[in-house]
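User: Hi! I am new to reading protein models, and I would like to go through this one with you step by step. Could you help me?

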Amino acid sequence: MKSAYRGLEARWHDLFWEAEEGPSELLLLDAFLQEKDGRALYVGSGSGRLLGPLVAAGHDLRGLEISPEMAALSREKFPQAGLVEESWQEHEGSYGAIVIPAFTFQLFEDPQRQLQRLRQQTDHLYLTLFFPWAELSGDLPSNEWYFDRSMTLPSGETAELQTRHKLKEQTGSLVRRHRYLMKDAEGEVMRREETEQRIRFFTDVALKKLLKKTGWEVEKEIFNLGDGEEDDLIYVSTLHLRASEK
Ligand SMILES: C[S@@+](CC[C@H](N)C(=O)[O-])C[C@H]1O[C@@H](n2cnc3c(N)ncnc32)[C@H](O)[C@@H]1O
């Protein structure tokens with residue numbers, strides 16, 4: 001499946017997140033789960049970087065991860081955190097709450113169907129979605145490769161990420177190609193991998209309509225992971241959703 005993380009993308013996932021200065025979702029997830037009863041499911045739990053600490057904090061939370069490489073990292077680092085290695089679309093179950101942080105939901109095809117399916121599995125949903133302002137405004141060039149970020153690996157080599165995107169505004173999707181380059185001290189490329197992701201995005205109006213249609217109502221909305229000023233552009237939106245009354 002295309003949305004599963006693998007290779008350097010899986011191996012470097014946490015290092016790139018750690019190198020980023022932005023706020024973590026950990027406190028937001030912890031606060032949401034504290035108010036919920038019963039077992040919760042974390043869809044796309046990745047390397048366990050958030051799952052592990054949440055389980056250690058006492059939450060009855062089970063991870064679900066499609067990528068065998070990400071699941072292996074999670075088991076190795078957080079063996080105490082229960083994990084199912086399966087695609088969300090195949091997974092059956094009933095939960096007190098479901099959490100889908102870090103825009104994983106936007107990797108899924110047919111959001112309407114997924115929201116209906118989530119509604120059958122739980123009454124309480126936590127979703128974090130990102131909105132591609134930088135791509136839409138032209139701050140990031142489309143259809144050309146640009147430097148995204150780089151860092152020094154613990155082994156001394158350089159990990160570099162280049163990105164190229166294409167916007168499909170009509171269908172509300174962003175196709176992002178990533179090029180992962182491992183370079184030695186002289187800047188010679190030792191390894192190179194490319195991946196592609198299709199990310200669906202929603203305007204506020206379209207999202208609220210979709211939620212209503214699929215039986216969800218917004219209980220709480222947190223902007224930019226609770227960081228920044230009130231009138232900042234909203235790049236990231238975290239939603240606490242509950243089943244609407246029939
Ligand atoms: C953006 S990463 C987020 C990982 C993790 N939530 C974090 O914040 O560190 C998305 C994760 O979702 C997983 N994933 C993608 N599609 C999936 C699916 N259909 N079912 C389960 N996991 C999926 C990917 O393999 C990847 O590990």
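**A walk through the model**

Analyst: Happily! Let us start with N143, which is partly exposed, as its relative accessible area is 41%. Keep in mind that this is a predicted model.

User: Where in the chain does N143 lie?

Analyst: N143 is a residue with a positive phi of about 60 degrees, although it is not a glycine. Its place is in the loop between helix 6 (133–136) and strand 6 (146–152).

User: Is E230 buried or exposed?

Analyst: E230 sits in the loop between strand 10 (216–223) and strand 11 (236–243). A residue counts as exposed when its relative accessible area is over 50%. E230 has 84%, so E230 is exposed.

User: How far apart are the C-alpha atoms of E230 and S244?

Analyst: Along the chain, these two residues are 14 residues apart. In space, the C-alpha atoms of E230 and S244 are separated by 28 Å.

User: Let's look inside now. Which strand gives the largest share of the largest nonpolar core?

Analyst: That core has 51 residues, and L61, F105, L115, L118 and L125 touch the most other members. Five residues of this core, its largest share, come from one strand: strand 5 (residues 124–130).

User: Leaving out residues up to four places away in sequence, which residues does L115 touch?

Analyst: L115 is one of the core members that touch the most others. With those sequence neighbours left out, the partners of L115 are F105, L125, L127, L210, L211, T214 and W216.

User: How many residues are in the other core?

Analyst: This other core lies apart from the largest one. Its members include L8, F16, M151 and L153, and its size is nine residues.

User: What about the ligand: how many residues of the shell around it are charged?

Analyst: There are 21 residues around the ligand, and S3, Y42, G44, R49 and E65 come nearest. The shell divides into ten nonpolar residues, eight polar ones and, last, the charged ones, which number three.

User: What share of the ligand's exposed area does the protein bury?

Analyst: Start with the polar contacts: a backbone N or O atom of G44 lies 2.8 Å from a nitrogen atom of the ligand, and for I66 such a distance is 3.3 Å. A polar backbone atom of W88 is 2.9 Å from a ligand nitrogen atom. Taken alone, the ligand exposes 600 Å², and of that the protein buries 100%.

Methods. Residues numbered from 1 in each chain as written. Predicted model: local features only at pLDDT ≥ 70, side-chain atom pairs only at ≥ 80, totals over all residues. Heavy atoms only, no water. Core = buried A, V, L, I, M, F, W, Y, C linked by side-chain atoms within 4.5 Å. Buried < 20%, exposed > 50% of the residue type's maximum accessible area, 1.4 Å probe, protein only. Helix = DSSP H or I, 4+ residues; strand = E, 2+ residues; numbered from the N terminus. Contact = heavy atoms within 4.5 Å. Near = heavy atom within 4 Å. Polar contact = N/O pair within 3.5 Å; in protein donor to acceptor, adjacent residues only side chain to side chain. Areas by Shrake-Rupley, 256 points an atom, 1.4 Å probe, with all protein chains shown as cover. Nonpolar A, V, L, I, M, F, W, Y, C, P; charged D, E, K, R; others polar.
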